Amino acid sequence: MSTSPVIRVSFFIKNLVISTSRPFLDENNDVWGVASADIDVRRISQLLKDNILSPGSVMFILDDNEEVIAASNLERSVPTGNGGDAAGLTLKEMANSIYANVYQKHKNEKQDQFEFVNNEKTYVANFTRFTTSFYDSFGKKWTLVSLVPFNEMFSVFLQSQQDNFGIYIFAFILVLLRIIILSRKLSEPIEELTEEAIKIRRFQFDGEVKTDSKIKEVITLGQTMQTMKVSLKSFTKYMPRRLVMRLLEKNQDIQLGGESKKLTIMFTDVAGFTTVSEGMTPQALMTHISDYFEQLTQIIIQQNGTIDKYIGDAIMAFWGAPDEDALRSFHACRAALLCQYALETLNSNWRSQGKPVLNTRMGIHCGEVVVGNMGSSERMNYTLIGDSVNLSARLEGTNKFYGTKIIVSHSVYEEVKDDFLCRTLDIVAVKGKNKGVKIYELLGQRNAEDYLAVSAEQQDFVVAFDKAFEFYLKMNWERALSEFEKLLGSIPAYDESVKSYIERCQMYLKTPPEDDWDGVCHLTSK
């Protein structure tokens, strides 16, 4: 995409304008957006006029095609046919003029400042190129040219007939500084907008877009970018941030449809939330649950998770989309443990303030789902559908039958067993299913920080529990009962599940199951 300036007549303002644009590219050099502006030539010419160095001075801006972009006093010597506006003329069209001759001397001798005599009149010529960053940002090789009559620049010194070389140099430096400042007035606002556009592309939304410019079109462009920044920041509150970034990078419209992928899904739910909500005013409840969601959401996002939705007091999240995640189950399990740890601190603070505590149950499963944009042409949701989603939700509810907080499926266990300590819990067929799935309780992370690390007692408990469970599956009820009874009270937090197995063994001793018993526990409620 070309970024060279083009001079044309604007349909809206009926004047010559400089149309300039700047594409924004992603890492694959695909265009994802364009910043453009129409700058009224009269405004730049007026800026030159306001900064003219002396009554007889001439100032004009040339592009790399030797075409005049804007000028002041140039029309006094060169007829243009544009109502006195020199914009659009080329040095070729001004052949044999002082301007063409001065520019030719500049090119031949490669000098930026020199004296020049024309018609027995001495001028001081100066050529100032715009900054390199200005060219890098917008592709414009612009040069500010000034011609100042020598007698006007140094009239005071000539009248006093003083040949003070030091003052001459000082005055000349002042002129150069003024020219440099003028060029910066033109280029710096556009460079600032370029930096803001790069920040927006990187989803850096802090601060306001500010431009120090008197050019109306530049000011309008800055205001438009500020509106875009606020809009995108708000948009990311309703959709996964990484999904929005991907849409912008691809520069594609959102389409309905999905793809089949293997993801890790987590459901969370607050135990006894109905009772909690009945004892609070709606406003107090909203504040309470918002603090809760804030803690869990930040942890899930930090662990590369995508929040699908909030369902009352429940959260649905997943790993592996829209971005690939080879450690999807690892991140999901770590997020679950971190959430439980954070909730302990949150509950402690609430308890000290006389507020109700919230106890959360979690279910995690890894399996094939269809992920994509679901809904209608008017409203869509980036979400998942499939049996694996349902199983994850059912596992969350299964916690209440075992007195546990985090249950993971066998598919998750296979992916994380080397990194996390899990104890075999049961083989269950959740409500609505006949096929059983082996489930585990997630206890802690191996070789982790202190607050997630597993203790030696937990590791010993898992070994002993697995041994008892093996006797249970082999229908050796007496041995299984003996092993489970040894575990009772060793870690009180696990007693509820141990008691359930003691009761089962006692029941099967009295009434043995059929010979084809497969150990599956069929749950009849959610």
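These numbered points cover salt bridges, backbone geometry and selected surface and buried residues in a predicted model.

1. Salt bridge count. The model holds twelve salt bridges. Points 2 to 5 take up some of the residues involved.

2. Arg-423 and Glu-441. These two side chains meet in a salt bridge, with an N to O distance of 2.7 Å. The pair links distant parts of the chain: Arg-423 belongs to strand β15 (residues 420–429) and Glu-441 to strand β16 (residues 437–445), with their positions 18 residues apart in sequence. Arg-423 counts as buried because its relative accessible area is 1%, under the 20% limit. Glu-441, at 7%, is buried as well.

3. Arg-504 and Asp-426. A salt bridge also joins the side chains of Arg-504 and Asp-426, again described by an N to O distance of 2.7 Å. Arg-504 sits in helix α16 and Asp-426 in strand β15, so this contact ties together parts that are 78 residues apart in sequence. Both Arg-504 and Asp-426 are buried.

4. A shared network. Arg-479, Glu-483 and Lys-486 are joined into one network by salt bridges that share partners.

5. Lys-105 and Glu-109. Here the salt bridge lies within one helix: both residues are in α2, four residues apart, or about one turn. Their closest N and O atoms are 3.0 Å apart. Lys-105 is partly exposed, with a relative accessible area of 22%, and Glu-109 is partly exposed at 40%.

6. Positive phi at Lys-110. Lys-110 is not a glycine, yet its phi is positive, about 55°. The residue lies in the loop between α2 (98–109) and β6 (113–118). Lys-110 counts as exposed because its relative accessibility is 71%, over the 50% limit. This phi deserves a remark because most residues other than glycine have a negative phi.

7. Positive phi at Met-475. Met-475, also a residue other than glycine, has a positive phi near 65°. Its place is in the loop between α14 (456–473) and α15 (477–487). At 31% relative accessibility, Met-475 is partly exposed.

8. Cis peptide bond. Ala-321 and Pro-322 are joined by a cis peptide bond, with omega about 0°. Pro-322 is found in the loop between β11 (314–319) and α11 (328–352). As background, most peptide bonds are trans.

9. Negative patch. Glu-514, Asp-515, Asp-516 and Asp-518 form a negative surface patch. One of these, Glu-514, lies in the loop between α16 (495–510) and β17 (521–522). With a relative accessible area of 59%, Glu-514 is exposed.

10. Two threonines. Thr-398 is in helix α12 (residues 387–402) and is buried, at 2% relative accessibility. The side chain of Thr-398 reaches the backbone oxygen of Arg-394 at 2.8 Å. Thr-275 is in helix α9 (residues 273–278) and is exposed, at 60% relative accessibility. The C-alpha atoms of Thr-275 and Pro-356 are 9.9 Å apart in space, while the two residues are 81 residues apart in sequence.

Methods: Residues are numbered from 1 along each chain as its sequence is written. This is a predicted model: local features need pLDDT of at least 70, side-chain atom pairs count only at pLDDT 80 or more; totals for chains, interfaces and linings use all residues. Side-chain values use heavy atoms; hydrogens and water are left out. Patches are made of residues with over 30% relative accessible area and no salt bridge: like charges are joined within 9 Å, nonpolar side chains (Val, Leu, Ile, Met, Phe, Trp, Tyr) within 5 Å. Accessible areas come from the Shrake-Rupley method with a 1.4 Å probe; for residues, only the protein chains shown count as cover. A salt bridge is a side-chain nitrogen of Lys or Arg within 4 Å of a carboxyl oxygen of Asp or Glu. Lys and Arg count as positive and Asp and Glu as negative; His and the chain ends are not counted. The place of a charge is taken as NZ of Lys, CZ of Arg, CG of Asp or CD of Glu. Buried means under 20% relative accessible area, exposed over 50%, partly exposed in between (1.4 Å probe, protein chains only). A polar contact is a pair of N or O atoms within 3.5 Å; within protein, one must be able to donate a hydrogen and the other to accept it, and residues adjacent in sequence count only if both atoms are side-chain atoms.
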